[in-house]
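Hi,

Here is the structure I said I would pass on. Have a look at it first, and then read on for what turned up.

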Amino acid sequence: MVRSELREHIFKMLFQIEFNDAQDMPERLKNYFELLEDAADKDKEYIQKKYEAVAAKVPEIDSLLNESAKGWRTARMNKVDLTVLRLAVYEMKWDEDIPVEVAINEAVKLAKRFGGENSSSFVNGVLGKIARQES
C-alpha cells in the first residue's frame with residue numbers, strides 16, 4: 001500500500017475511538033484487519049503501530065488543538081475533523097518521516113473525502129496555525 005492508503009486506514013481506526021471503549025479497540029483492530037485480507041503483514045503492522053502511537057498521544061494532541069482552534073473545543077468539533085486533526089498533529093510533531101507540509105496536505109485530502117462542506121478549510125486553518133506556532 002502507498003502511504004496515503006495506510007493513512008486512510010489509520011484514520012478509520014482512530015475514528016473508532018470516539019465510539020468505543022479503549023479496552024474494546026484491540027478487538028476492533030483485529031476485526032478491521034480481517035477485512036483487509038489482501039494487505040501485507042508489514043502494512044498491517046505499520047497501521048497498528050501508528051494507530052497506537054497516535055492514540056497514546058490523544059490527550060496531548062487534544063490539549064494543543066484546544067489551544068490552537070479558537071472558539072472550537074475538541075468536544076464541539078465534528079468527529080471526522082477531530083480525527084483528521086489528531087492524525088495530522090501527530091505526524092507534524094512526532095513523525096520525523098513526514099514533512100509538515102505533507103501532513104497538512106494529506107489531512108486536507110482526508111477532510112475533503114470524509115468530512116463536511118467546510119471540513120477541509122477548517123482542518124487547513126487549524127493545522128496552518130499549529131505549524132506557524134511550532135516553527
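A quick definition before anything else: two residues count as being in contact when they have heavy atoms within 4.5 Å of each other. With that in hand, take the contacts in the protein between residues at least 6 apart in sequence: 67% of them join residues at least 24 apart. Please keep in mind that this is a predicted model.

Now the overall picture. The protein has six helices and zero strands, so to speak a plain α-α-α-α-α-α when you read along the sequence. The C-alpha trace spans about 40 × 30 × 25 Å along its principal axes. How does the radius of gyration fit with a compact globule? For 135 residues such a globule would come out near 14 Å, and the protein has 14 Å, which agrees.

As for the inside and the outside, buried residues make up 47% of the 135 residues. The accessible surface comes to about 7600 Å², and carbon and sulfur atoms account for 48% of that. On the charge side, there are 21 positive and 25 negative side chains, with the centres of the two sets 5 Å apart.

Next, helix H2, which runs over residues 25-35 and has Met25, Leu29, Tyr32 and Phe33 buried. Looking down the axis of H2, you find its buried residues within an arc of 100 degrees, so they line one face of the helix. The general background is that an α-helix has 3.6 residues a turn, so residues three or four places apart point the same way. And what covers those buried residues of H2? The cover includes helix H1 (3-16) and helix H3 (41-68).

A few single residues are worth clicking on too.

Arg3 sits in helix H1. Its relative accessible area is 38%, so it is partly exposed. Leaving aside neighbours within four places in sequence, Arg3 is in contact with Tyr46, Asp97 and Ile98. Arg3 and Asp24 are 21 residues apart along the chain, and their C-alpha atoms are separated by 26 Å.

Ser68 belongs to helix H3. Is Ser68 buried or exposed? Buried, with a relative accessible area of 3%; the cut-off for that word is under 20%. Setting aside neighbours within four places in sequence, Ser68 has contacts with Lys129, Ile130 and Gln133.

Helix H5 (residues 100-114) holds Ile104, which counts as buried at 14% relative accessibility. Which residues does Ile104 touch, leaving aside its neighbours within four places in sequence? They are Met92, Asn124, Leu127, Gly128 and Ala131. For one of these partners there is a distance as well: the C-alpha atoms of Ile104 and Ala131 are separated by 8.9 Å, with their positions 27 residues apart along the chain.

Lys112 is also in helix H5. Lys112 is exposed, because its relative accessible area is 60% and exposed means over 50%. The C-alpha atoms of Lys112 and Met77, 35 residues apart along the chain, lie 16 Å from each other.

That's the tour; shout if anything is unclear.

Cheers

Notes:
Residues numbered from 1 in each chain as written. Predicted model: local features only at pLDDT ≥ 70, side-chain atom pairs only at ≥ 80, totals over all residues. Heavy atoms only, no water. Buried < 20%, exposed > 50% of the residue type's maximum accessible area, 1.4 Å probe, protein only. Helix = DSSP H or I, 4+ residues; strand = E, 2+ residues; numbered from the N terminus. Arc of directions from axis to C-beta. Rg over C-alpha atoms; globule rule 2.2 N^0.38 Å. Areas by Shrake-Rupley, 256 points an atom, 1.4 Å probe, with all protein chains shown as cover. Lys, Arg positive; Asp, Glu negative; His and termini not counted. Charge placed at Lys NZ, Arg CZ, Asp CG, Glu CD.
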